[in-house]
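Reader: I am new to this structure. Could you take me through it?
Author: Certainly; please have a look at it before we begin.

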Amino acid sequence: MNEEKEVKGGIFFTIGFALLSLVWVFPIILVFINSFKKKVYISRQPFSIPTDNMFVKFENYVNGIEKTGLISAFGTSLFITIFSVIFIIVCTSMAAWYIIRVRNKFTSMFYYLCLFSMIVPFQMVMFTLSKIANMLHLSNPVGIILIYLGFGAGLSVFMFTGFVKSIPLEMEEAAMIDGCTPLQTFFKIVFPVMKPTAVSVAILQAMWIWNDYLLPYLVLDLKKYKTIPIAVQYLKGGYGAVDMGAMMAVLVIAVIPIVIFYLVCQKYIIAGVISGAVKG
Amino acid sequence: MQNSIKKYFPVFLLPTFLAFIIGFIAPFAMGIYLSFCKFTTVTDAQFIGFKNYTKIFSEGDFTHALWYTSAFTVVTVIIINVIAFAIALALTKKIKGRNTFRTVFFMPNLIGGIVLGYIWQLLLNGILLNVGKTLSYSATYGFWGLVILMCWQQIGYMMIIYIAGIQNVPGDIIEAAQVDGVNKWQMLKDIILPMVMPSITVCTFLTLTNSFKLFDQNLALTNGEPSNMSELLALNIYRTFYGRNGWEGVGQAKAVVFFIIVAIIAVAQNKLTRAKEVEQ
């Protein structure tokens, strides 16, 4: 609509939105500035630029990384996110295809249970889920992948089945008549067509798993493993005043990779959000 | 073809199905059962009927959290959707730099709730420093702090969905209306709004459930202070579980009530706005 016509007074819109954009990024910039400030000054003078005796170079970063074990938390988060997403994509796309192509009471029941699971808040299952994970020895970065597949299956199955319904049968039938097994048919014919949906699912699940706090906090053995949100919250932990300097540094380290990832993959992220919303 | 695929059940459906049972079905069913039990762990549960449920409202904290959450949800749903829609309307017009603005507004969405909470704690406490107070001074401060944080996080996401909706309005309908001489207000009210109703359905649904189920941001920004007065439902349930010995059953019963409320909201909201959608 009206795409070609420049809006009347467009320059004022541009200026207004530019100001609003500055307001939007200000909180992040503020944290960045404070990450170079001596910790006692952060709560007292959050809006001043760190100069002379306030400036501490990378001291806060060294502190924050040491106190939280942020490097290994970063590795754990990365491992859990990447492998959970891969596992979710492969398993739920196969499940979705099976559900649509083999119509019987069992598959349709499973489908409706998946839909149902999407509206259940995590608090409903948090206690029992963490106990079950413990009993089955899933309290580690490998075991939690299975938990994420189970708890994240709802949305993924829903999005994939929505897409499979629109794929015509002819190609698959031709492939099977030519002697392909269902597995070959799926990976050679069906999965390549599903790619856009797979990207959307991957983006949505990665955003959820990377940022998730409560599930890994309750499921993981915290003496051995921490994710980034757990490491951040750990600074707040029981012992006295929070080291604000370390906190600022840790926040910056937590945000930077996400911003870079966003700027690189922006197109896919936004497309993923839109197609997820339309089907959700 | 269906029969040859059917034999492949163990490969296609079984992994997801098993994970779904471990990650969702079993914890959910056990959660329902445990809400009628007294327990400290899964193995020592004793059936006590509805006693947990009658205890839910005995101390007033759940009722307070329920009202606090409801008020928070209503306020954020209205503000986020109105502002996101307005920005989407402006950024679908030809304005210099609109792609940059979209990128900036969407970005906070990728940052996790815990990290967001601490970013805003720094900024809001810094501002409140001028009047000699902090966020934990009263529940009202915490309330508006959470509202501001939530708007900052969600407006960009909803804006993206609204932009997709507005761009889907067929150009010939707009042109026909312009030829008929409708004014800007009529165009918005009678043509654009009804046509983007599907986006409004999705966005109100997402903002409703996100606000109602909010946990991480609440934990990081106010941690319920002062004395649990800024506690949203999810945090209240979490603390009943893990903060008070012997109250696990009540926590689980609260979680069941929470789930039922979320389910009712989700179904009612869906019926209400779907009824207003027009066939395109």
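Reader: How many residue pairs are in polar contact across the interface of chain A and chain B?
Author: In this predicted model, the rule finds twelve such pairs across the interface of chain A and chain B, both residues being at pLDDT 80 or more.

Reader: And how many salt bridges does the rule find across that interface of chain A and chain B?
Author: The rule finds zero salt bridges there.

Reader: Which helix of chain A gives the most to the side that touches chain B?
Author: That is helix 12, residues 244–279 of chain A, which supplies 16 residues to that side.

Reader: How do the residues of that side of chain A divide into nonpolar, polar and charged?
Author: There are 73 nonpolar residues, 18 polar ones and eleven charged ones on the side of chain A that touches chain B.

Reader: What is the area buried between the two chains, A and B?
Author: The buried area is about 8,900 Å², and carbon and sulfur atoms give 79% of it. In terms of residues, 102 of chain A are in contact with 92 of chain B.

Reader: A change of topic: how many residues of helix 11 of chain A are buried?
Author: Helix 11 of chain A, residues 228–236, is mostly covered, with seven of its nine residues buried. Among them are A:I228, A:P229 and A:Q233.

Reader: Lastly, what pLDDT does chain B average?
Author: Chain B averages 89, and 98% of its residues score at least 70. Among the elements of chain B, helix 5 (residues 61–91) has the highest mean pLDDT, 95, and helix 1 (residues 2–6) the lowest, 79.

Reader: What ipTM and pTM does the predictor give the complex?
Author: The predictor gives the complex an ipTM of 0.89 and a pTM of 0.90.

Definitions and conventions. Residues are numbered from 1 along each chain as its sequence is written. Chains are lettered from A and ligands numbered from 1 in the order in which they are written. This is a predicted model: local features need pLDDT of at least 70, side-chain atom pairs count only at pLDDT 80 or more; totals for chains, interfaces and linings use all residues. Side-chain values use heavy atoms; hydrogens and water are left out. Contact means heavy atoms within 4.5 Å. Buried area is the accessible area (1.4 Å probe) that two parts lose on being put together, summed over both. A salt bridge is a side-chain nitrogen of Lys or Arg within 4 Å of a carboxyl oxygen of Asp or Glu. A polar contact is a pair of N or O atoms within 3.5 Å; within protein, one must be able to donate a hydrogen and the other to accept it, and residues adjacent in sequence count only if both atoms are side-chain atoms. Helices (H or I, at least four residues) and strands (E, at least two) are DSSP runs, numbered from the N terminus. Ala, Val, Leu, Ile, Met, Phe, Trp, Tyr, Cys and Pro count as nonpolar, Asp, Glu, Lys and Arg as charged, and the others, Gly among them, as polar. Buried means under 20% relative accessible area, exposed over 50%, partly exposed in between (1.4 Å probe, protein chains only). pLDDT is the predictor's confidence in each residue, from 0 to 100.
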